[in-house]
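Me: I would like to learn how to read helices, buried residues and cavities from a set of coordinates. Could we work through one case together?

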Amino acid sequence: AQVVLVVSAFIIPRVMGAQSYGQYAAWLAMIAILRSASTLGLPMVEVRFLAPLWRLGQRVAALRLGSTIWTVKLVLAVVGGGAVMIWLELTPRLAGELDLVLVLGLLALLNYAHEAAISFYLPFGHVGTLAGFLLARALLTLVVVVACFPVGGLWGVATGLTALYGGLFALSWVFLRRMAPLGLRGFHWPSLRPHAAFSLAAWVGTLAWMVQAQFSIYAVANWVTREEAAYLGLTLQFYGFLQLIFLTARRALTPVLSELHTAGQSERLRYWGELMMRYTVAASCVSALAWALVGDEVIRILLTDAFLPVHRSATIILVCVLFYCG
């Protein structure tokens, strides 16, 4: 999925051009900020506390906690979609028409709801299904953008992506129901209350980075120029690819580490943690060096000379990944 996203980072800007891509990146930044704000750290509660319950066969407790998290996440998805519309109404330079504001708000809501559903696949042990959705989403997003922009411009892209996420949410909900019978009737607040502090602590850390990175794209697009926002958006995408790989690897191992911790197997716990860090730092070093050497030629060939300012800033960002991983 990350490979597809990297390819998309070269194809989509080339198709749209710097100005349209800058506005598109600003939309995605707003949606990403509010998606992170609306999770409240609940995905980390899933892998830290829900996964062990499910694996140890404590089905009643797992379904209570899962249904409570699912209910809260759906409510937050609706709130997040409304917040996107309000935000766009306050920044007419990035949206303009009311119809487009409504479409982007619906796109955000469906995006949040889809993420809320597929995040359960990991604690329930359906990693293959999760990988399939991530890959399909990346591929279909690329197809929709490339197909819709020449025909309908940014309006066509927003409409196409809204339809795409509507289908993805419906399909992801069907798969989730097959894994576990989660539902609003299973809401049980006392099952989530003991994990509230952990959830908020995880949320604050994620939200801090997301606001710092994504808000800058929105700010540049709205207050400076959309071209500069396009350059910044691409730079942060390259950084985000590596960081997301690291976070995904860490999150995928969290159920394993939690189980080892619960079982008191401290030696194995230390082994897996150290192994994860070694591979992450090694991959980051190779990526940063390769980009510094050939990144300008890659941009010139795949994005044209108009996007060359991205090379230097992306090199600096990729080097910073090493410090983040450390």
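The dialogue below takes the features one at a time.

Reply: Keep in mind that this is a predicted model.

Me: Let us start with helix length. What span should the 22 residues of α2 have at 1.5 Å a residue?

Reply: The expected span is 1.5 Å times one less than the number of residues. For the 22 residues of α2 that gives 32 Å, and the end C-alpha atoms are 31 Å apart, which agrees. Just after α2, Leu-40 takes a positive phi of about 55 degrees.

Me: Is α2 enclosed or open to the outside?

Reply: A residue counts as buried under 20% relative accessible area. In α2, 16 of the 22 residues are buried, so this helix is largely enclosed by the rest of the structure.

Me: How many residues does α3 have, and how far does α3 reach?

Reply: Helix α3 covers residues 42-55, which is 14 residues. From first C-alpha to last, α3 reaches 19 Å, close to the 20 Å expected.

Me: Where does α3 bend?

Reply: A bend is the angle between axes fitted on either side of a residue. In α3 the bend is about 35 degrees and falls at Phe-49, with Pro-52 following within four residues. Beyond the end of the helix, Gly-57 comes just after α3 and takes a positive phi of about 80 degrees.

Me: Which residues of α3 are buried?

Reply: The buried residues include Leu-42, Val-45, Glu-46, Val-47, Leu-50, Ala-51, Pro-52 and Trp-54. In total 10 of the 14 residues of α3 are buried, so α3 too is largely enclosed by the rest of the structure.

Me: What does Pro-123 touch, leaving aside its neighbours within four places in sequence?

Reply: Contact is counted for heavy atoms within 4.5 Å. Pro-123 sits in the loop between α5 and α6, and its contacts are Glu-46, Val-47, Leu-50, Ala-51 and Trp-54. Those five are on the list of buried residues of α3. Pro-123 is 71 residues from Pro-52 in sequence, yet their C-alpha atoms are 7.9 Å apart in space. With a relative accessible area of 2%, Pro-123 is itself buried.

Me: Now the polar and charged side chains. Is Asn-111 buried or exposed?

Reply: Asn-111, in helix α5, has a relative accessible area of 8%, so it is buried. Apart from residues up to four places away in sequence, Asn-111 touches Ile-31, Arg-35 and Tyr-165.

Me: And Arg-137: buried or exposed?

Reply: Arg-137 belongs to helix α6, residues 127-179. Its relative accessibility is 14%, so Arg-137 counts as buried. With residues up to four places away in sequence left out, Arg-137 touches His-114, Glu-115, Ile-118, Tyr-165 and Leu-168. Tyr-165 is thus a contact of both Asn-111 and Arg-137.

Me: How many cavities of 30 Å³ or more does a search of the whole structure find?

Reply: A cavity is a space where a probe fits but cannot get out. The search finds one of 30 Å³ or more, and the volume of the largest cavity is about 40 Å³.

Me: Which helices supply the lining of the largest cavity?

Reply: α2, α5 and α6 each supply at least two residues, and α2 gives the most, with four. The lining consists of Tyr-24, Trp-27, Leu-28, Ile-31, Leu-104, Leu-107, Val-157, Ala-158 and Leu-161. By class, there are nine nonpolar residues, no polar and no charged. One of the lining residues, Ile-31, is also a contact of Asn-111.

Methods: Residues numbered from 1 in each chain as written. Predicted model: local features only at pLDDT ≥ 70, side-chain atom pairs only at ≥ 80, totals over all residues. Heavy atoms only, no water. Bend = angle between axes of the 7 residues up to and from the residue. Buried < 20%, exposed > 50% of the residue type's maximum accessible area, 1.4 Å probe, protein only. 1 Å grid on protein atoms, 1.4 Å probe; cavity = no way out; pocket = protein on both sides within 12 Å on 5 of 7 lines; lining within 4 Å. Points joined across faces, edges and corners; volume = space filled by probe spheres on them. Nonpolar A, V, L, I, M, F, W, Y, C, P; charged D, E, K, R; others polar.
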